Amino acid sequence: VDVQHDFCEGGSMAVEGGIDVASRISDYVVANAYSYTAIAATADWHIDPGAHWSSEPDFADSWPVHCEVGTLGSEFRPELDPALAHVAAVFRKGEHVAAYSGFEGSVELVGEVVQLAAWLRDQDVDEVDVVGIATDHCVRATALDAAVEGFTTRVLLDLTVGVSAQTTELAIQRMQDEGVLIESSTGSPAS
C-alpha cells in the first residue's frame, strides 16, 4: 500500500521509517513471492482531488499536495524495485477524490478498467496480506475494505509504518475489532 516518495522521508507527507519499511517490504516480497497466488500494489494517484489537498491542511480530511501524477512524489520508492518485479498489477486511486483504500483503486487491463476486489477474485484469492504506508490511514482503510469484501485479511505489522503511535494503536484496535488479523511477517502475533 502506497510505498511512494511522498510518504517517505523527504516527501511532502513523510512518515518516519518509510524508507526502511520500503526496503523490508521488498526483501519480504522477494523472499516470499512464490508463496502468494498474486501480488498487487496500490498508489495514491492524484490529479485534482478537490478539498483533499489544502494549503492549510487539517491532517484529518485535508492534506498538503502529495502524490501528484507526473511528479517524483507519486512514484514508488526505489527500495521497492526488487519487489515490483513480482507485482502483477498496480491499482491507482484518487485522481479526482480523496481515496485511502486500495479497494478504491483501479487498473486498466486489456482495455477494461478493473477494481482490486474483482481482480483478486479473478486470481482466486481469498486471503489478503496488507503491508505499506501508513498503518493508521491507507493500510487501515485497505485492510478494513478487504475484510468487508469477504477476504480473510492479515496486516503484517512489521512491514507497515504509521504516522503516530497513538493513531496507529487506534487503527490496530479498529482493525482487530473488524476481524483483521495483526501479525508479523514471520507469522507470529505482532506485539
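Two residues are in contact when heavy atoms of theirs lie within 4.5 Å. The exercises below apply to a predicted model.

**Exercise 1. Find which residues Val-155 touches, leaving out those up to four places away in sequence.**

Step 1. Leave out sequence neighbours up to four places away.

Step 2. List what remains: Val-155 touches Val-130, Val-139, Ala-143, Thr-160, Met-175, Val-180, Leu-181, Ile-182 and Glu-183.

Step 3. Place Val-155 in a wider setting. The largest nonpolar core has 27 residues, and Val-155 is among those with the most contacts inside it, as are Phe-103, Trp-119, Leu-120, Val-130, Met-175 and Ile-182.

Step 4. Assign the core to elements. At least two of its residues come from each of strand 2 (89-93), helix 3 (116-122), strand 5 (127-133), helix 4 (135-148), strand 6 (152-161) and helix 5 (165-177). Helix 4 gives the most, with five residues.

Step 5. Note that another core, of 26 residues, lies apart from this one; Val-29, Ala-41, Ala-83 and Val-131 are among its members.

**Exercise 2. Determine how helix 4 and helix 5 are oriented to each other, and which residues make their contact.**

Step 1. Take the geometry: the two helix axes come within 9 Å and cross at roughly 10°.

Step 2. Apply the cut-off. Angles under 35 degrees count as roughly parallel, and helix 4 and helix 5 are therefore roughly parallel to each other.

Step 3. Name the contact residues. Helix 4 contributes Thr-135, Asp-136, Val-139, Arg-140, Ala-143 and Leu-144, while helix 5 contributes Thr-167, Thr-168, Ala-171, Arg-174 and Met-175.

Step 4. Sort them by class: the contact has five nonpolar, three polar and three charged residues.

**Exercise 3. State which residues of helix 4 are buried and what they pack against.**

Step 1. The cut-off for buried is under 20% relative accessible area. In helix 4 this holds for Thr-135, Asp-136, Cys-138, Val-139, Ala-141, Thr-142, Ala-143, Leu-144 and Ala-146.

Step 2. These buried residues pack against strand 2, strand 5, strand 6 and helix 5.

Step 3. Look just past the end of the helix: Gly-150 there takes a positive phi of about 95°.

**Exercise 4. Work out the strand order of the open three-stranded sheet and where helix 4 sits on it.**

Step 1. The order is 5-6-7, and the pairing is parallel.

Step 2. Strand 5 and strand 7 (181-183) are the edge strands, each pairing on one side only.

Step 3. Neighbouring strands in this sheet are turned against each other by 30° on average, direction ignored.

Step 4. Helix 4 packs on the sheet and touches strand 5 and strand 6; its direction makes about 165° with that of strand 6.

Step 5. Check the pairing of strand 5 with strand 6: six bridges, in the parallel sense. Within strand 6, Thr-152 is the bridge partner of Glu-127, and Val-161 stands opposite Ile-133.

Step 6. Five of the seven residues of strand 5 are buried, and the strand is mostly covered.

**Exercise 5. Explain why strand 2 counts as largely enclosed, and describe its pairing with strand 1.**

Step 1. Four of the five residues of strand 2 are buried, so the rest of the structure largely encloses this strand.

Step 2. Strand 1 (residues 40-44) pairs with strand 2 in the parallel sense over five bridges.

Step 3. As one example, Ala-43 has Arg-92 of strand 2 as its bridge partner.

Notes. Residues numbered from 1 in each chain as written. Predicted model: local features only at pLDDT ≥ 70, side-chain atom pairs only at ≥ 80, totals over all residues. Heavy atoms only, no water. Core = buried A, V, L, I, M, F, W, Y, C linked by side-chain atoms within 4.5 Å. Buried < 20%, exposed > 50% of the residue type's maximum accessible area, 1.4 Å probe, protein only. Axes fitted to C-alpha atoms, helices over the stretch in contact; angles between N-to-C directions. Parallel < 35°, antiparallel > 145°, perpendicular 65-115°, else oblique. Nonpolar A, V, L, I, M, F, W, Y, C, P; charged D, E, K, R; others polar. Pairing = 2+ DSSP bridges.
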